[in-house]
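Hi,

Here is the structure I promised to pass on. Have a look at it first, and then read on for what turned up.

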Amino acid sequence: MGIYQHLMGMIGHISTQILLKIETPKVIKDRSELFRLPFTKQHRKRWGDSWYRAGVVVTNDKGEFLLVEDLRCRINGVWCTVEDHWNIPSGSCEEDEQFIDAAVREAHEELGRGVELKGICAIKHGKHNDDPCLLIVFVAELTDEHFEFDHREIKSQRWFSEDAIYDLNRQGKLRSADLVLQVVRNYRSGLIIPLEILNERIAELPG
């Protein structure tokens, strides 16, 4: 009995030491707290893309929408080369970057053009590559600024009519189809929110 009690005591002591070395995970009771956690390089390394994303919708005098053709995209967590795959210009916010700054940067990188933001026409709360995601799509007008777009991610840019966008959807050629169609519907119906709703450096914006 003495040996048994001694062995049980040793097992209990070892178990206690193991448990003490295991970091207790933080319990998040309120789901909205996910979006208040700071975005850091450690977060990107562990979780992938930023939880915050921004995009732009650009139209011309003909009522056409400017889309970008993806060179590659992530499918089921794996980067794949794609053909004839279209989306609105959008991407992740970088560390400490506001939505407004991210939208302008994405226009530079994917359209190769400067833009002036005019409002907000869509807000998506869901998932991106299995990460929680909050994405804001801005209505934007092109400026005279030209940049070299990112040829590693984007193949081309093209204007599409509303009917042509619905044709792309039927052919399975729209990336983030639900979002693109929501943006088109909201824009056509005039459902545009003023930029001031964001409270992000509005005083510094042109116009």
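To start with the whole chain: what percentage of the 207 residues in the protein do buried residues make up? The figure is 37%. Please keep in mind that this is a predicted model.

Some more on the overall picture. The protein has five helices and nine strands. If you follow the sequence from start to end, the pattern reads α-α-β-β-β-β-β-β-α-β-β-β-α-α. Take the contacts between residues at least 6 apart in sequence: 66% of them join residues at least 24 apart. As for the surface, about 12900 Å² is accessible, and carbon and sulfur atoms account for 53% of that.

Now for the pair of helices at the end of that pattern. Helix α4 covers residues 162–170 and helix α5 covers residues 177–188; their axes come within 11 Å and cross at roughly 160 degrees. Angles over 145 degrees count as roughly antiparallel, so α4 is roughly antiparallel to α5. The crossing is left-handed.

Which residues of α4 meet α5? They are Glu 162, Ile 165, Tyr 166 and Asn 169. On the α5 side, the partners are Ala 177, Val 180, Leu 181, Val 184, Arg 185 and Arg 188. Sorted by class, this contact has six nonpolar, one polar and three charged residues.

The loop between α4 and α5 is where you will find Ser 176. Its phi is near 55 degrees, a positive value in a residue other than glycine. Ser 176 counts as partly exposed because its relative accessibility is 32%.

Next, have a look at Phe 65, which sits in strand β2 (residues 65–70). Is Phe 65 buried or exposed? With a relative accessibility of 2%, Phe 65 counts as buried. Leaving out neighbours within four places in sequence, Phe 65 is in contact with Val 57, Val 58, Thr 59, Arg 158, Trp 159, Phe 160, Ile 165, Val 184, Tyr 187 and Arg 188. You have met some of these names already: Ile 165, Val 184 and Arg 188 are among the residues listed for the contact of α4 with α5. Phe 65 also pairs up in space with Ser 161: these two are 96 residues apart along the chain, yet their C-alpha atoms are separated by 6.3 Å.

Two other spots are worth a click. One is Ser 90, in strand β6 (residues 90–92). Ser 90 has 11% relative accessibility, and the limit for buried is under 20%, so Ser 90 counts as buried. Setting aside neighbours within four places in sequence, the contacts of Ser 90 are Arg 53, Ala 54, Gly 55, Glu 106 and Glu 110.

The other is Glu 145, found in strand β8 (residues 131–146). What is the relative accessible area of Glu 145? At 43%, Glu 145 is partly exposed. Not counting residues up to four places away in sequence, Glu 145 touches Gly 112, Arg 113 and Gly 114. For Glu 145 and Gly 114, the C-alpha to C-alpha distance is 4.8 Å, with their places 31 residues apart in sequence counted as the separation.

Cheers

Terms used. Residues numbered from 1 in each chain as written. Predicted model: local features only at pLDDT ≥ 70, side-chain atom pairs only at ≥ 80, totals over all residues. Heavy atoms only, no water. Axes fitted to C-alpha atoms, helices over the stretch in contact; angles between N-to-C directions. Helix = DSSP H or I, 4+ residues; strand = E, 2+ residues; numbered from the N terminus. Parallel < 35°, antiparallel > 145°, perpendicular 65-115°, else oblique. Left-handed = near helix turned anticlockwise from the far one by under 90°. Contact = heavy atoms within 4.5 Å. Nonpolar A, V, L, I, M, F, W, Y, C, P; charged D, E, K, R; others polar. Buried < 20%, exposed > 50% of the residue type's maximum accessible area, 1.4 Å probe, protein only. Areas by Shrake-Rupley, 256 points an atom, 1.4 Å probe, with all protein chains shown as cover.
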